[in-house]
Amino acid sequence: WGGGTGKPNNPITMNYKEDLQHLSIDPTTAGDSTLIAAPGDGHYLAIDFLQVFVPAAVGVTFKHGSTAFNGKYAFTAGQNITIENSFESERGVLTCGNNEAFKLNLDASAQCSGFIRYRIVGN
């Protein structure tokens with residue numbers, strides 16, 4: 001409950017001054033797909049929620065700019081991954097550097113689908 005309003009605070013907006021943004025994703029081709037464009041100098045991306053579903057066997061790597069966050073996730077057909085900022089870290093569960101795009105790399109062509117919730121944060 002917050003601010004004497006008699007209403008509970010919204011936990012998504014309570015801890016962050018930035019607006020939480022969202023987008024659907026649907027990369028299909030092998031190689032890098034930019035999911036979120038670089039936000040401009042002096043800003044970085046904080047990824048708070050990411051879900052990706054792959055209907056076919058494919059390797060997936062998440063990147064900030066040209067640098068991988070992780071080794072390749074080797075998915076079998078019908079698998080998904082969910083990454084969530086359950087600790088409510090100000091920098092998100094995945095953090096891109098200054099003016100870096102958030103990318104997904106597929107090692108083979110496959111129709112993926114998913115959803116991202118993120119914030120653009122000033123340095």
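This briefing describes the fold, the aromatic residues, strand β4 and selected loop residues of one protein. The model is predicted. The secondary structure comprises one helix and 10 strands, and the helix precedes the strands in the pattern α-β-β-β-β-β-β-β-β-β-β. Among contacts with a separation of 6 or more, 78% join residues 24 or more positions apart.

**Overall composition**

- The protein has 123 residues, of which 37% count as buried.
- The exposed area of the protein is about 6,700 Å², and 49% of that area comes from carbon and sulfur atoms.
- Zero disulfides are present in the structure.
- Two cysteines can be described by their burial: C96 is buried at 1% relative accessibility, and C112 is likewise buried at 1%.

**Aromatic residues**

- Five aromatic pairs occur in the structure. In the pair formed by Y73 and F75, the ring centres are 6.2 Å apart and the planes stand at 40°, so this pair is classed as tilted. The tilted class covers plane angles that are neither under 30 degrees nor over 60.
- The two members of this pair fall into separate accessibility classes: Y73 is partly exposed, with 32% relative accessibility, whereas F75 is buried, with a relative accessible area of 8%.
- Ring pairs join F62, F69, Y73, F75 and F102 into a cluster.
- Another ring, that of Y44, has a charged residue over its face: R91 lies there at 4.4 Å from the ring centre.

**Strand β4: H64**

- Strand β4 covers residues 58-64, and H64 belongs to this strand.
- H64 has a relative accessible area of 17% and is therefore buried, since the buried class extends to values under 20%.
- The side chain of H64 makes a polar contact with the side chain of E100, at 2.8 Å.
- Beyond its neighbours within four places in sequence, H64 is in contact with F69, T95, C96, G97, E100 and A101. This set includes E100, the polar partner of H64, and C96, which is buried. It also includes F69, a member of the aromatic cluster.

**Strand β4: K63**

- K63 is also located in strand β4.
- Although lysine carries a polar side chain in this contact with D32, K63 counts as buried, at 15% relative accessibility.
- The polar contact between the side chains of K63 and D32 has a distance of 3.1 Å.
- With residues up to four places away in sequence left out, K63 touches D32, A68, F69, A101, F102, K103 and N105. Among them, F69 and F102 are members of the aromatic cluster.
- F69 and A101 appear among the contacts of K63 and also among those of H64.

**Strand β4: V58**

- V58 lies in strand β4 and is buried, with a relative accessible area of 4%.
- V58 and K72 are 14 residues apart along the chain, and their C-alpha atoms are separated by 9.5 Å.
- Leaving aside residues within four places in sequence, the contacts of V58 are Y73, A74, F75, L106, D107, A108 and A110.
- The contacts of V58 thus take in Y73 and F75, the two residues of the tilted ring pair.

**Loop residues with positive phi**

- E88 is a residue other than glycine with a positive phi, near 55°.
- E88 is placed in the loop between β7 (79-84) and β8 (94-95).
- The relative accessibility of E88 is 37%, and E88 counts as partly exposed.
- N99, although not a glycine, also has a positive phi, of about 55°.
- The loop that holds N99 runs between β8 and β9 (102-106).
- N99 is partly exposed, with a relative accessible area of 34%.
- Both values belong to the partly exposed class because this class lies between the limits of 20% for buried and 50% for exposed.

Definitions and conventions
Residues are numbered from 1 along each chain as its sequence is written. This is a predicted model: local features need pLDDT of at least 70, side-chain atom pairs count only at pLDDT 80 or more; totals for chains, interfaces and linings use all residues. Side-chain values use heavy atoms; hydrogens and water are left out. Rings of Phe, Tyr and Trp (its six-membered ring) pair if their centres lie within 6.5 Å; planes under 30 degrees apart count as stacked, over 60 as edge-to-face and the rest as tilted. Buried means under 20% relative accessible area, exposed over 50%, partly exposed in between (1.4 Å probe, protein chains only). A charge sits over a ring if NZ of Lys or CZ of Arg is within 6 Å of the ring centre and within 35 degrees of the ring normal. Helices (H or I, at least four residues) and strands (E, at least two) are DSSP runs, numbered from the N terminus. A polar contact is a pair of N or O atoms within 3.5 Å; within protein, one must be able to donate a hydrogen and the other to accept it, and residues adjacent in sequence count only if both atoms are side-chain atoms. Contact means heavy atoms within 4.5 Å. A disulfide is a pair of cysteine sulfur atoms within 2.5 Å. Accessible areas come from the Shrake-Rupley method with a 1.4 Å probe; for residues, only the protein chains shown count as cover.
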